[in-house]
Amino acid sequence: MVNQPLFAAPKGTFDHVPPRAETILAVRDAMAEQVRRAGFGYIETPSFEETALFVRGVGESTDVVTKEMYSFTTKGGDDVTLRPEGTAPVLRAALENNLHRGALPVKLWYSGSYYRYERPQKGRYRHFSQVGAEVLGTEDPASDAELIVLAVDAYRALGMTGVRVVLNSLGSEESRPAYREALREYLRGLDLDEQTAARVEANPLRVLDDKRPEIQAALADAPVVADFLSPADRTHHDTVCELLAEAGVPFEQDPRLVRGLDYYTRTLFEFVHDGLGSQSAVGGGGRYDGLSELLGGPRLPGVGWALGVERTALALEAEGVPLPGQNGLDVYAVPLGGEASRHLFGVATELRRAGVRTDMAVGGRGLKGAMKAADRSGARFALVVGERDIAEDEVQVKDLRSGEQEAVSFSDVVPHVTRRLGH
Ligand code: AMP
């Protein structure tokens, strides 16, 4: 009887295993590379926080807070939640560590796991990873534009071509009250179910985010925030648009774009990929000038984004571009016998120390099985050593692409291989 595994990954979660896991890592690296180049400092916060941080920070009436949080009471009686997003925790950490008392702005980036109790589907999981970046302590629209350009450049560096930037301004607290009232007035005129009608009163902007087709259709003539922007908000938005255009980053304006978290003000954006079906956002973010005060902190305007790592990998697969991180090995060593194994172990160590990616067959595999493993490994060269080779102080270097083989002395093999690899 075949043994059944005792456990399976929890619903809506999965393992990243080789070789695809390398792509996940390469996606993270490409995102990190861009923000590091722009002076962002790395920050790490715990995977769980006090539940109240998210209720206050993300917003009580949002789907994330009402339906999607993994919340529990600890043995000690603390109410904690596995983080569903990164901005509120990073802002909490910045305030707690007094980063905002130093030179401003504070530019931070992070990378990690996030948890949302969502209905699982392609591209939507209960455990996923994001790379995020936040700029705290400035209202300068240059920071909004900088973040958008960095994300687009990360996607481009990965070879992705099909990502679109969708942009909106939600206005600041200067513009929002009049807009909120106009929207509420409009929504009150619609025939809405009880729950949605309650939302209209609590937080009418949330209704714009309702994905049901009948609601979206009813919203066709709803007032848009663009018509309510104060002169300062309008100038802010125009400057972001100008900077993006100058940086060669195309974007689309969508006056109906809202996002599932309440803290956004002014600039709001999403990175959308059309090869992904319904879960088309590979990343998104915006400005959140009031969030610090919501958390009980001082006024500390900020802007940031979070990029979905798995969805970006899915988008790369959908485009069919060569996947990053799949470079494989340079050398695969095949010893035939115990003595050969000892010799090649030393060669493999030296090659690795010289920066050559090297693997070696272990467990006394025969020539045929080991050569099959060498082919499968994607290595450029196989190094084969048998007893006769040891006697003649030789290593057989086989080019696995051309099939050509030549004998090289043990003392020459490392420089020979590194030279042929162009290292
Ligand atoms: P959000 O914090 O909702 O703005 O999410 C930012 C990005 O994280 C999204 O654009 C997605 O790429 C990714 N993301 C959000 N939720 C999920 C999820 N449940 N599963 C996978 N990726 C997600």
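The following exchange asks how the terms used for this predicted model are justified.

Reader: Why is strand 9 called largely enclosed?

Author: Buried means under 20% relative accessible area. In strand 9 (residues 265–273), 9 of the 9 residues are buried, so the strand is largely enclosed by the rest of the structure.

Reader: What makes strand 10 largely enclosed?

Author: The cut-off is again under 20% relative accessible area. For strand 10, 7 of the 7 residues are buried, so the rest of the structure largely encloses it.

Reader: How do you know that strand 9 pairs with strand 10?

Author: Pairing needs at least two bridges between two strands. Strands 9 and 10 are joined by 6 bridges, so they pair, and they run antiparallel. Two of the partners can be named. Thr 265 has Arg 287 as its bridge partner in strand 10. Phe 269 has Gly 285 there.

Reader: What makes strand 7 a partner of strand 9?

Author: The requirement is at least two bridges. Strand 7 (residues 163–169) has 7 bridges to strand 9, so the two pair; they run antiparallel. Val 163 stands opposite His 273 in strand 9.

Reader: How do you know that strand 10 pairs with strand 11?

Author: There are 5 bridges between them, and at least two are needed, so strands 10 and 11 pair. Their direction is antiparallel. Gly 284 has Ala 306 of strand 11 as its bridge partner.

Reader: What joins strand 5 to strand 6?

Author: Strand 5 (residues 106–115) and strand 6 are joined by 10 bridges and run antiparallel. With at least two required, they therefore pair. The partner of Lys 107 in strand 6 is Val 135.

Reader: Which order do the strands of the open sheet follow?

Author: The order is 1-5-6-11-10-9-7-8, with 8 strands and mixed pairing.

Reader: Why are strand 1 and strand 8 said to stand at the edges?

Author: Strand 1 (41–42) and strand 8 (252–253) each have a single partner strand, so one side of each is left without a neighbour in the sheet.

Reader: Which residues are the closest to the ligand?

Author: They are Arg 116, Glu 118, Tyr 125, Gln 130 and Arg 259, in a shell of 14 residues. The shell divides into 5 nonpolar, 4 polar and 5 charged residues.

Reader: Which strands each supply at least two residues of that shell?

Author: Strand 6 (127–136), strand 10 (281–287) and strand 11 (302–308) do. Strand 10 gives the most, with 3 residues.

Reader: What makes the approach of Glu 118 to the ligand a polar contact?

Author: A polar contact is a pair of N or O atoms within 3.5 Å. A polar side-chain atom of Glu 118 lies 2.5 Å from a nitrogen atom of the ligand, so the pair qualifies. Tyr 125 places a backbone N or O atom 2.8 Å from a ligand nitrogen atom. Gly 283 places a backbone N or O atom 3.1 Å from a ligand oxygen atom. Both therefore pass the cut-off too.

Reader: How much of the ligand's accessible area does the protein cover?

Author: The protein covers 92% of the 480 Å² that the ligand has on its own.

Reader: What makes up the largest nonpolar core?

Author: It has 89 residues; Phe 40, Tyr 155, Phe 271 and Trp 305 have the most contacts inside it. Helix 5 (residues 141–157) gives the most to this core, with 9 residues. A second, separate core has 19 residues, including Ala 333, Val 347, Phe 381 and Val 413.

Note on methods:
Residues are numbered from 1 along each chain as its sequence is written. This is a predicted model: local features need pLDDT of at least 70, side-chain atom pairs count only at pLDDT 80 or more; totals for chains, interfaces and linings use all residues. Side-chain values use heavy atoms; hydrogens and water are left out. A nonpolar core is a set of buried Ala, Val, Leu, Ile, Met, Phe, Trp, Tyr and Cys residues joined through side-chain atoms within 4.5 Å. Buried means under 20% relative accessible area, exposed over 50%, partly exposed in between (1.4 Å probe, protein chains only). Helices (H or I, at least four residues) and strands (E, at least two) are DSSP runs, numbered from the N terminus. A residue is near a molecule or strand if one of its heavy atoms lies within 4 Å of it. A polar contact is a pair of N or O atoms within 3.5 Å; within protein, one must be able to donate a hydrogen and the other to accept it, and residues adjacent in sequence count only if both atoms are side-chain atoms. Accessible areas come from the Shrake-Rupley method with a 1.4 Å probe; for residues, only the protein chains shown count as cover. Ala, Val, Leu, Ile, Met, Phe, Trp, Tyr, Cys and Pro count as nonpolar, Asp, Glu, Lys and Arg as charged, and the others, Gly among them, as polar.
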